[in-house]
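This report covers charge pairs, sheets and pockets, in that order. Keep the model open while reading.

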Amino acid sequence: MQGSANLNIMLKAARKAGRSLVKDFREVENLQVSSKGPGDFVSRADRAAEEILKTELMSARPNYGFLGEEGTSIEGKDPTRRWIVDPLDGTTNFLHGMPHWAVSIGLEHKGEIVAGVVFDPAKDEMFYAEKGAGCWLNDSQRLRVSGRTAMIECVFATGVPFGGAKYLPATLQDLARLMPACAGVRRWGAAALDLAYVAAGRYDGYWERGLKPWDVAAGILLVREAGGLVQPIREGQDLLEDGQVLAGSGAIFDRFAEVIRERPAA
């Protein structure tokens, strides 16, 4: 796809940050058997990648705002446009030497995501979309959501909260209702890639609570431009601010949503 100038800036920035993370990923695998503190190392890798993204994006568009997962927040001179960035989505996977993590960049214009990039450096897969121009993988593969129509054939993805996290009981109830009705549920630990995989038709649907804007900004647009649907789990919620996301193909969305939205009996 021939992208806009903004999209090309995003693709270049994602690749540059990805190269930095790949170098650090090779090192963190060695740290797993050491006492050097791999968690601290990954935090440094995360911050370094965000600094690369901030430098690349803000140098190209100095008037835009910037919101980063590592705490960087810049109020732009142009209040209508903002980069929303997660330099390392899937930090726990990265920390444990598992090659499933991504760089995510969304461009927001007047409260709407108009361009999105999710880059998986370990697999060299670049998912990207612009509003009205479709969703694409790498240089030329146009993506469409799954066409499966039978729930029992569908595979879904979610994030299962760890420890005593707030949304663990609700997620366990979701799983109890959904798993008997489908072919399986995956928990791969990277929200941006979960949404990209829905866009690519690899997953039929995805849901999760407690997300942040940088987790989902790019992925929301990928799914929509691939012909899928994305809605808040509860009516009246804001996708970015409330962070409760339900995404899937149109063929099964209503049935999927009905299962997830079912309120347990009092």
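The whole structure holds 11 salt bridges. Bear in mind that this is a predicted model. Side chains of opposite charge can pair when their charged atoms come close. One such pair joins aspartate 124 and arginine 15, with 3.3 Å from N to O. Aspartate 124 sits in the loop between E5 and strand E6 (125–130), while arginine 15 belongs to helix H1 (residues 5–31), so the salt bridge ties together parts that lie 109 residues apart in sequence.

**The sheet of 8 strands**

Eight strands make an open sheet with mixed pairing, in the order E2-E1-E3-E4-E5-E6-E7-E8. Strand E2 (73–74) and strand E8 (141–142) are its edge strands, and each pairs on one side only. Within the sheet, E3 and strand E4 (residues 102–109) are antiparallel and share 7 bridges. Aspartate 89 faces alanine 102 of E4.

Two helices pack on this sheet. H5 touches E3, E4, E5, E6 and strand E7 (135–137). The direction of H5 makes about 100° with that of E5. H6 is in contact with strand E1 (65–68), E3, E4, E5, E6 and E7. Its direction also makes about 100° with that of E5.

**The sheet of 5 strands**

The order here is E10-E9-E11-E13-E12, in an open sheet of 5 strands with mixed pairing. Why is one side of strand E10 (184–186) and of strand E12 (229–232) left without a neighbour in the sheet? Both stand at the edges with a single partner strand each, so one side of each has no neighbour there. Direction ignored, neighbouring strands of this sheet are turned by 20° against each other on average.

E10 runs parallel to strand E9 (residues 155–158), and 3 bridges join the two. Valine 155 has glycine 184 in E10 as its bridge partner. H5 packs on this sheet as well, with contacts to E9, strand E11 (205–208) and strand E13 (245–248). The angle between the directions of H5 and E11 is about 155°. H6 lies across E12 and E13 and runs at about 135° to E12.

The helix angles are collected below.

| Helix | Reference strand | Angle |
|---|---|---|
| H5 | E5 | about 100° |
| H6 | E5 | about 100° |
| H5 | E11 | about 155° |
| H6 | E12 | about 135° |

**The pockets**

Rolling a probe the size of a water molecule over the atoms shows where empty space is left. The largest pocket encloses about 660 Å³. It is lined by 29 residues, and those closest to its centre are Phe162, Arg187, Gly189, Glu208 and Leu211. Which elements each supply at least two residues of this lining? They are strand E3 (81–89), helix H3 (91–95), helix H5 (191–199) and helix H6 (213–225). By class, the lining has 11 nonpolar, 8 polar and 10 charged residues.

The second largest pocket has about 240 Å³ of space. Its lining counts 14 residues, with Gly111, Glu112, Ile113, Ile220 and Arg224 closest to the centre. Strand E5 (112–120), H6 and helix H7 (239–242) each give at least two of the lining residues. The largest share, 4 residues, comes from H6. This lining divides into 5 nonpolar, 1 polar and 8 charged residues.

H6 thus recurs in this account. It packs on the sheet of 8 strands, lies across E12 and E13, and supplies lining to the largest pocket and to the second largest pocket.

Note on methods:
Residues are numbered from 1 along each chain as its sequence is written. This is a predicted model: local features need pLDDT of at least 70, side-chain atom pairs count only at pLDDT 80 or more; totals for chains, interfaces and linings use all residues. Side-chain values use heavy atoms; hydrogens and water are left out. On a 1 Å grid over the protein atoms alone, a cavity is a set of points where a 1.4 Å probe fits but cannot get out, and a pocket is an open set with protein on both sides within 12 Å along at least five of seven lines; lining residues have an atom within 4 Å of a point. Grid points are joined across faces, edges and corners, and a volume is the space filled by probe spheres set on the points. Ala, Val, Leu, Ile, Met, Phe, Trp, Tyr, Cys and Pro count as nonpolar, Asp, Glu, Lys and Arg as charged, and the others, Gly among them, as polar. Two strands pair if DSSP finds at least two bridges between them. Axes are lines fitted to C-alpha atoms, for helices over the stretch in contact, and angles run from 0 to 180 degrees between N-to-C directions. Contact means heavy atoms within 4.5 Å. A salt bridge is a side-chain nitrogen of Lys or Arg within 4 Å of a carboxyl oxygen of Asp or Glu.
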